[in-house]
Amino acid sequence: MTMTDLVLVIGSGAREHALAWKLSQSPLIKHVYVSPGNAGTHTTSKFSNYVDVTDHAEVVLWCKTKNIKLVVVGPEDPLAKGLADHLKEAGIDCFGPCQKAAQIEASKEFAKFFMDKYEIPTARWKSFKSAKEAQDHILNAPYDALVVKASGLAAGKGVIVGKDKEAAIKAVETDKGLSAASDIIVIEELLKGEEVSVLCFSDGTNIAVMPPAQDHKRLLDGDEGPNTGGMGAYCRCPLVSDADLKFIQEKILQRAIDGMKKENFPYVGVLYAGLMLTKDGPKVLEFNCRFGDPETQVISFLCYYAIILILKVSSIE
């Protein structure tokens, strides 16, 4: 990249504001556009908002008109719909995985099959297309506490934790968020421990791991109530030991990147691992195909090398 390069950040949340703020610190970047942006990005002189991000053809045309050299995609939905593919086909660098690689978040069923295939530690699970089959499995599952998930995207809200089988059966029966997000239901064993997040940059082959973070998921005090998309976070999380971090790097993140490369859809961007620190070691709760929110806001203060890696990873063919 040259000193006159322009960057577009896609998204409207605090995560995208943090990414734009971090990118704006680079002497290589002349201007950061954020679209659709928010009230915070509007007040910062180096940020501005212009393009309809739901129309991929319009995004491509706008980037060419404005001579945008790099697009950084914040949320998962545009990636799951193939925005990175459209940009790269047009010769515009994109920090974010292709549509096939974004399945690691867009389809929990795909992610679970993938983790089993590449021996990435995760909870025992089954998937179902009918509520009746899911409920029958819950009744006969070899574990008492279960998690009910929509396989598709649900903005961090398609997960119901059942403290017992009766609660899990009720979740399958009554929760509208599950049916809205997907016609496939994933039933998992409930893992116990502390939940943490570890993210890494990847160029499709290599990874650079960020400091571990922990966000606050449950709605109510005392770790009670339904899961949310996250209501605050801190970093670095001291619950992740050096040994745990090495295990996460080698047995989880690198295995995932190696697996996707082997499947012929190399993963370029940030891979997010939501993990449970169990008595048997770290296990994957979920993978996300982008920076976490609210983790990005705290990680960005520690990742002094973030700008360099975003620029370097995005420009690799």
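**Salt bridges, aromatic pairs and nonpolar cores**

The structure holds eleven salt bridges. The model is a predicted one. Side chains of opposite charge can pair when their charged atoms come close. One such bridge joins the side chains of Glu-189 and Arg-124, with an N to O distance of 3.1 Å. Glu-189 belongs to strand E9 (residues 185-189) and Arg-124 to the loop between H7 and strand E6 (125-128), so this pair ties together parts that are 65 residues apart in sequence. Glu-189 has a relative accessible area of 17% and is buried, whereas Arg-124 is partly exposed at 43%.

Strand E9 also contains Glu-188, which is linked to Lys-149 in strand E7 (residues 146-150), 39 residues apart. In this salt bridge the closest N and O atoms are 3.2 Å apart, and both Glu-188 and Lys-149 are buried. Salt bridges with shared partners also join Glu-76, Glu-105 and Arg-290 into one network.

A further bridge, between the side chains of Asp-136 and Lys-132, has an N to O distance of 2.8 Å. Asp-136 and Lys-132 both lie in helix H8 (residues 131-140), where they are four residues apart, about one turn of the helix. Asp-136 is partly exposed, with a relative accessible area of 32%, and Lys-132 counts as exposed at 53%.

Eight aromatic pairs are present in the structure. Phe-110 and Phe-265 form a tilted pair, at 6.3 Å centre to centre and with 50 degrees between the planes. Phe-110 is located in helix H7 (residues 108-117) and Phe-265 in the loop between helix H11 (242-262) and strand E16 (268-278), so the pair ties together parts that are 155 residues apart in sequence. Phe-110 and Phe-265 are both buried. The pair of Phe-114 and Tyr-118 is likewise tilted, because the ring centres are 5.0 Å apart and the planes stand at 45 degrees. Phe-114 counts as buried at 4% relative accessibility, as does Tyr-118 at 15%. Through ring pairs, Phe-110, Phe-114, Tyr-118 and Phe-265 are linked into a cluster.

In soluble globular proteins, nonpolar side chains tend to be buried together. The largest nonpolar core here has 51 residues, of which Leu-8, Leu-271 and Phe-287 touch the most other members. Helix H11 provides the largest share of this core, seven residues. Beyond residues up to four places away in sequence, the contacts of Leu-271 include Ile-104, Val-198, Leu-253, Ile-257, Met-260 and Phe-287. Another core of 22 residues lies apart from the largest one, and Ala-20, Phe-47, Ala-213 and Val-268 are among its residues.

At the surface, Leu-219, Leu-220 and Met-231 make a nonpolar patch of about 290 Å². Leu-220 is part of strand E13 (residues 218-220). Gly-225, in strand E14 (residues 224-227), is in contact with Arg-218, Leu-219 and Leu-220 when neighbours within four places in sequence are left aside. Gly-225 is partly exposed, with a relative accessible area of 27%. The C-alpha atoms of Gly-225 and Val-161 are separated by 9.3 Å, although these residues are 64 apart along the chain.

Overall, the protein has 13 helices and 17 strands. Of its 317 residues, 55% are buried. The exposed area is about 14400 Å², with carbon and sulfur atoms supplying 53% of it. Among contacts between residues at least 6 apart in sequence, 65% join residues at least 24 apart.

Definitions and conventions. Residues are numbered from 1 along each chain as its sequence is written. This is a predicted model: local features need pLDDT of at least 70, side-chain atom pairs count only at pLDDT 80 or more; totals for chains, interfaces and linings use all residues. Side-chain values use heavy atoms; hydrogens and water are left out. Patches are made of residues with over 30% relative accessible area and no salt bridge: like charges are joined within 9 Å, nonpolar side chains (Val, Leu, Ile, Met, Phe, Trp, Tyr) within 5 Å. Accessible areas come from the Shrake-Rupley method with a 1.4 Å probe; for residues, only the protein chains shown count as cover. A salt bridge is a side-chain nitrogen of Lys or Arg within 4 Å of a carboxyl oxygen of Asp or Glu. Helices (H or I, at least four residues) and strands (E, at least two) are DSSP runs, numbered from the N terminus. Rings of Phe, Tyr and Trp (its six-membered ring) pair if their centres lie within 6.5 Å; planes under 30 degrees apart count as stacked, over 60 as edge-to-face and the rest as tilted. Buried means under 20% relative accessible area, exposed over 50%, partly exposed in between (1.4 Å probe, protein chains only). A nonpolar core is a set of buried Ala, Val, Leu, Ile, Met, Phe, Trp, Tyr and Cys residues joined through side-chain atoms within 4.5 Å. Contact means heavy atoms within 4.5 Å.
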